[in-house]
Amino acid sequence: MRPDILNPLFAEITALKGIGPGLAKPLERLGLARAVDVAFHLPTGFIDRLPREELDAADAGRVIAITLTAVSYRFGGSARAPARVQAVDALGNHVTLVFFGGNSGWARKLLPLNEPRFVSGKLETYGQELQIVHPDIVVPLEEAQSVGREAVYPCSEGITSKRIAALAAQAIERAPDLPEWIEPSLKARHGWPDWREALVRIHADPADAKARERLAYDEVFANQLALLLVRGEARSKRGRALQGDRRLRDALVLPYVPTGAQSRTVREIEGDMAQSQPMLRLLQGDVGSGKTLVATMALLIAAEAGAQGALLAPTEILARQHFDNLNRLLAGLGVRIAILTGRDKGKAREATLMGLAAGEIDILIGTHAIFQQGVTYRDLGLVVVDEQHRFGVAERMMLQAKAQVPPHLLVMTATPIPRTLQLASHGEMDVSRLDEMPPGRQPIQTTVISEEKLGQVVEGLGRHLSAGKQAYWVCPLVEESEKSDLAAAEERAETLRARFGDKVGLVHGRMKGPEKDAVMAGFASGDIGVLVATTVIEVGVDVPNATLIVIEHADRFGLAQLHQLRGRVGRGGGQSHCILLRGDRLSETSRARLALMRDTTDGFVIAERDLELRGAGELLGTRQSGEQTFRLATPESLSALIAAANADARLLEDQDRALRTPRGQAARLALYLFERDAAVGLLRAG
């Protein structure tokens, strides 16, 4: 069965009826771009409308559904005064229906005098009276049977839960009946419904555990199958053995002695690259553990063997920092290094592209630009991906496709991954772990302080600057109803400039490249003492003299992101400090997160605890500890689901036979449905 059977589900969301320009922005804010996104935008709860024959004050605070008859109107004299409709139930008990907005004509039309209507809303008491403010539903009696339990969806300003429910119903109509991809005995043992039935049931009742578990399994199964296919494809292809002669590495003069973990990892990588089977290795290392040196050694091995290496970074700031650091470290070795980002245009870009194609560049560093159309390598032998959580399987495949034969691949992350999520995200890779810090590094002292003491923090910042030290001040991504993160950063920069003058700089993601470079250069040189920033500095900024970081509204960040931000300091030999400014109203989870940050600097401990603290539906910041996020699987269920999905997917691992059976073909549909971006390349390959 071909994947195009799913095309109606992957249609743009504008294919659904009733979506015009007015709904575009709220849907975009919710991340709903296609019909399938709406189908998997699941309700978080439901309103149970209690059917009642008569009004009863004991039901106050509950949503009821009852037949009422309007007997009189009370309209205020002003446009702002509410419209009040006096109504009675079948036994003559009174209730007031209140409508704000001053449109008396609308209230009269909705509830004509002496004509019974079926009404549903939250019953409340006001003094001695019963009232329903803005009833949710007012319909003729013949439509009463359509009123019952109602799902509640995550919403955005400009769209209601009821509207999302209607769009979800349309999206589900586009979902075809698909053949089963779960191993029959596994499905029977758990009592799971069919896929489409599960989707219908979960929208009707968010508490349907079997339906939710089935869909969560499908998502994990597709992920594990994708990893198996990637691994199988990579392992089945012969690459190119790269054996360096050590001429570059032996000539390299390092400013420090590598840690035992760094030396061990370099040996593992050297052994991998000496094989014709392409290396697939994940390098985990906590903030400041020295991953860049390991990557540099791998790139030098490729250069010694006459091949080219590419280093892919997630941001331009990080790419340019890698470029500057490698130029300094490798000066005098004769290694030709270039950079390519979206900012590079005209003759400079053309010169880089020509040098790359001619083999005159040994190492190319850049952002997404290094694997775009028109970028040609003469002999790409090694790909290093920094901050792996920013890139998906599809992007890795695009970069690898630039090589004549499958290149060796090293992916790095400074976000330690709990073992459970490591299996989910990187099950196809060998893993190296940098579990030592370079000598001389002192643990960062972390303090949690109430925002009420902001003045004291500013005074402390003044003393810090007077001692010749530098600092970061990070402003958070705030709620949409408030000012933006940029506005918050600009406002904080202005208040600090009023105190410290030109020693305060500001950097954010929407600045133009040269302007951003100038600020970063000023901070690196020491001309700027305080760098106020949004989370654009989360990765890559390395200024050893910066030994203080202040993070505003720290309770709004996730553990992994707080740990990344804290890692901007503590990169020199002196004592560094991190101040977490918290709000007054903390949830228990926020309180636990901040306490953990105060008590430990071990990223692996933080990652494991993050997985424990993160409950279903709670997103702890923009970056998660495990990198791989699932829409349906919860942290509590993930281990069991991965174990079952791994066993089930391995039954289909033999691509030549199993994936061409009926269940194997169905499994391809699951892969396409849940892992669509990666599946496009994988299905072509298969």
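In this predicted model, three helices, α10 (291–304), α11 (316–329) and α17 (513–525), each hand at least two residues to the lining of the second largest pocket. The top contributor is α11, which puts 11 residues into that lining. The pocket itself holds about 1,300 Å³ of space. Its lining runs to 43 residues, and those closest to the centre are Gln-321, Asn-325, Arg-328, Asp-542 and Arg-571. Sorted by chemistry, the lining comes out as 21 nonpolar, 10 polar and 12 charged residues.

Stepping back to the chain as a whole, there are 23 helices and 22 strands to keep track of. Of its 686 residues, 54% count as buried. Long-range contacts are plentiful in the tally: taking contacts between residues at least 6 apart in sequence, 73% link residues at least 24 apart.

Two open sheets are worth walking through. One of them is built from 7 strands, lined up as β12-β13-β11-β14-β15-β10-β16, with parallel pairing. At its edges sit β12 (337–340) and β16 (430–434); each has a single partner strand, so one side of each is left without a neighbour in the sheet. Going from one strand to the next, the twist averages 20°. Within this sheet, β10 (residues 280–285) and β15 (residues 408–413) run parallel and are paired over 5 bridges. Across that pairing, Arg-281 faces Leu-410 of β15. Helix α9 (residues 260–273) packs on the sheet, where it touches β10, β14 (380–385), β15 and β16, and its direction makes about 160° with that of β16.

The other sheet has 6 strands and is open too, with parallel pairing in the order β17-β22-β21-β18-β20-β19. Here the edge strands are β17 (445–450) and β19 (504–507), each of which pairs on one side only. Neighbouring strands are turned against each other by 20° on average, ignoring direction. The edge strand β17 runs parallel to β22 (residues 577–582), and 6 bridges join the two. In this pairing, Ile-449 sits opposite Leu-581 of β22. Two helices can be placed against the sheet. Helix α15 (residues 454–466) lies across β17, β18 (470–474), β20 (530–533), β21 (546–551) and β22, and runs at about 150° to β18. Helix α19 (residues 588–599) packs on the sheet as well, touching β17 and β22, with its direction at about 145° to that of β17.

A couple of helix residues make a handy contrast. Thr-352 belongs to helix α12 (residues 346–358). With 13% relative accessibility, against a cut-off of under 20%, Thr-352 counts as buried. Leaving out residues up to four places away in sequence, Thr-352 is in contact with Ala-338, Ile-339, Leu-340, Ile-361 and Leu-364. Ser-466, by comparison, is part of helix α15. Its relative accessibility is 68%, and the cut-off for exposed is over 50%, so Ser-466 counts as exposed. The C-alpha atom of Ser-466 is 9.7 Å from that of Gly-529, although the two residues are 63 apart along the chain.

Finally, a word on backbone angles in the loops. Asn-114 has a phi near 65°, a positive value in a residue other than glycine. This residue lies in the loop between α3 (104–110) and β6 (116–126). At 61% relative accessibility, Asn-114 counts as exposed. His-134 also has a positive phi, about 45°, although it is not a glycine. The loop that holds His-134 runs between β7 (129–133) and β8 (137–139). Its relative accessibility is 35%, so His-134 counts as partly exposed.

Methods: Residues are numbered from 1 along each chain as its sequence is written. This is a predicted model: local features need pLDDT of at least 70, side-chain atom pairs count only at pLDDT 80 or more; totals for chains, interfaces and linings use all residues. Side-chain values use heavy atoms; hydrogens and water are left out. On a 1 Å grid over the protein atoms alone, a cavity is a set of points where a 1.4 Å probe fits but cannot get out, and a pocket is an open set with protein on both sides within 12 Å along at least five of seven lines; lining residues have an atom within 4 Å of a point. Grid points are joined across faces, edges and corners, and a volume is the space filled by probe spheres set on the points. Helices (H or I, at least four residues) and strands (E, at least two) are DSSP runs, numbered from the N terminus. Ala, Val, Leu, Ile, Met, Phe, Trp, Tyr, Cys and Pro count as nonpolar, Asp, Glu, Lys and Arg as charged, and the others, Gly among them, as polar. Buried means under 20% relative accessible area, exposed over 50%, partly exposed in between (1.4 Å probe, protein chains only). Contact means heavy atoms within 4.5 Å. Two strands pair if DSSP finds at least two bridges between them. Axes are lines fitted to C-alpha atoms, for helices over the stretch in contact, and angles run from 0 to 180 degrees between N-to-C directions.
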